[in-house]
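Colleague: I am new to this structure, and I would be glad if you could take me through it step by step.

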Amino acid sequence: MKFVILGSPRTKKTAQRIIKVKGRPMIVPSKVTCKWANDAQLQLQAQFGKYRGQTFHDRQRWNLRALFYRPSNTTADLVNHLQALCDALQAAGVVSNDRWIAGFDGSRLLLDAKLPRVELWLDELP
């Protein structure tokens with residue numbers, strides 16, 4: 001399965017903010033990260049429709065290859081980008097649980113100032 005998420009990729013752990021919930025401090029992602037996650041979820045759901053009818057099951061193990069095309073060379077690392085992407089895949093219903101993503105072979109951080117995006121492939125592992 002191949003998907004493309006348009007927009008500058010974001011991470012969960014960079015630029016977090018502290019909010020108070022019922023008087024207690026809580027760490028949450030930045031507003032920009034939350035917006036990216038919502039946009040990514042909508043784009044993934046729209047593209048997932050072309051794979052309807054194929055066999056998907058719980059406990060299916062996947063390899064995720066993700067190419068993150070960023071507009072500039074920021075300090076964020078690949079692991080944080082992958083965490084945000086895995087959460088978006090789960091929220092969009094592409095994978096039943098991101099714990100079934102067992103490999104990240106071929107994932108990279110790249111630059112593309114004109115068209116920031118994430119290109120990703122999910123392949124079932126044996």
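The exchange below goes from the overall fold to single residues.

Colleague: What pattern does the protein follow, read along the sequence?

Modeller: Please keep in mind that this is a predicted model. The secondary structure comes to two helices and seven strands. Placed in order along the sequence, these elements give the pattern β-β-β-α-β-α-β-β-β.

Colleague: How does the radius of gyration of the protein relate to what the globule rule gives for 126 residues?

Modeller: Along the principal axes, the C-alpha atoms fill a box of roughly 45 × 40 × 25 Å. For 126 residues the globule rule gives 14 Å, and the value for the protein is close to that, so the protein is as compact as a globular protein of that length. The radius of gyration itself is 15 Å.

Colleague: Among contacts between residues at least 6 apart in sequence, what percentage join residues at least 24 apart?

Modeller: One example of residues distant in sequence is the pair A91 and L42, which are 49 residues apart along the chain and 9.6 Å apart in space, C-alpha to C-alpha. For the protein as a whole, counting contacts between residues at least 6 apart in sequence, the share that joins residues at least 24 apart is 78%.

Colleague: Which residues does A91 touch, leaving aside those up to four places away in sequence?

Modeller: A91 has its place in helix α2, which covers residues 78-91. With a relative accessible area of 43%, A91 is partly exposed. Once residues up to four places away in sequence are set aside, the residues that A91 touches are Q41 and Q45.

Colleague: What share of the accessible surface belongs to carbon and sulfur atoms?

Modeller: Buried residues make up 37% of the 126 residues in the protein. The accessible surface of the protein comes to about 7,600 Å², and the part of this surface that belongs to carbon and sulfur atoms is 53%.

Colleague: Which residues form a nonpolar patch on the surface?

Modeller: A starting point is I19, which is found in strand β2, residues 17-21, and which is partly exposed, with a relative accessible area of 30%. The patch has about 210 Å² of accessible area, counted for its members together. Those members are I19, V21 and M26.

Colleague: How many disulfides does the count come to?

Modeller: A disulfide is a covalent bond between the sulfur atoms of two cysteines. The cysteine sulfur closest to that of C34 is in C86, and the 17 Å between them is too far for a bond, since a disulfide calls for sulfur atoms within 2.5 Å. C34 is partly exposed, with a relative accessible area of 29%, whereas C86 is buried, with a relative accessible area of 6%. The count of disulfides therefore comes to zero.

Colleague: Which residue in helix α1 meets K35 in a salt bridge?

Modeller: Side chains of opposite charge can pair when their charged atoms come close. The partner of K35 is four residues away in helix α1, residues 31-48, so the two are separated by about one helical turn. K35 is exposed, with a relative accessible area of 52%, while its partner counts as partly exposed at 29% relative accessibility. The side chains meet at 2.8 Å, N to O, and the partner is D39.

Colleague: Which residues are joined into one network by salt bridges that share partners?

Modeller: A search of the whole structure finds three salt bridges. R117 meets D112 at 2.8 Å, N to O, and R117 also meets E119, at 2.9 Å, N to O. R117 counts as buried at 11% relative accessibility, E119 is buried as well, and D112 counts as partly exposed at 21%. The residues joined by these shared partners are D112, R117 and E119.

Colleague: What phi does K22 have, although it is not a glycine?

Modeller: Most residues other than glycine have a negative phi. K22 is found in the loop between β2 and β3, and at 85% relative accessibility K22 counts as exposed. K22 is not a glycine, and yet its phi is positive, at about 55°.

Definitions and conventions: Residues are numbered from 1 along each chain as its sequence is written. This is a predicted model: local features need pLDDT of at least 70, side-chain atom pairs count only at pLDDT 80 or more; totals for chains, interfaces and linings use all residues. Side-chain values use heavy atoms; hydrogens and water are left out. Buried means under 20% relative accessible area, exposed over 50%, partly exposed in between (1.4 Å probe, protein chains only). Patches are made of residues with over 30% relative accessible area and no salt bridge: like charges are joined within 9 Å, nonpolar side chains (Val, Leu, Ile, Met, Phe, Trp, Tyr) within 5 Å. Accessible areas come from the Shrake-Rupley method with a 1.4 Å probe; for residues, only the protein chains shown count as cover. A salt bridge is a side-chain nitrogen of Lys or Arg within 4 Å of a carboxyl oxygen of Asp or Glu. The radius of gyration is taken over C-alpha atoms; the globule rule is 2.2 Å times the number of residues to the power 0.38. Contact means heavy atoms within 4.5 Å.
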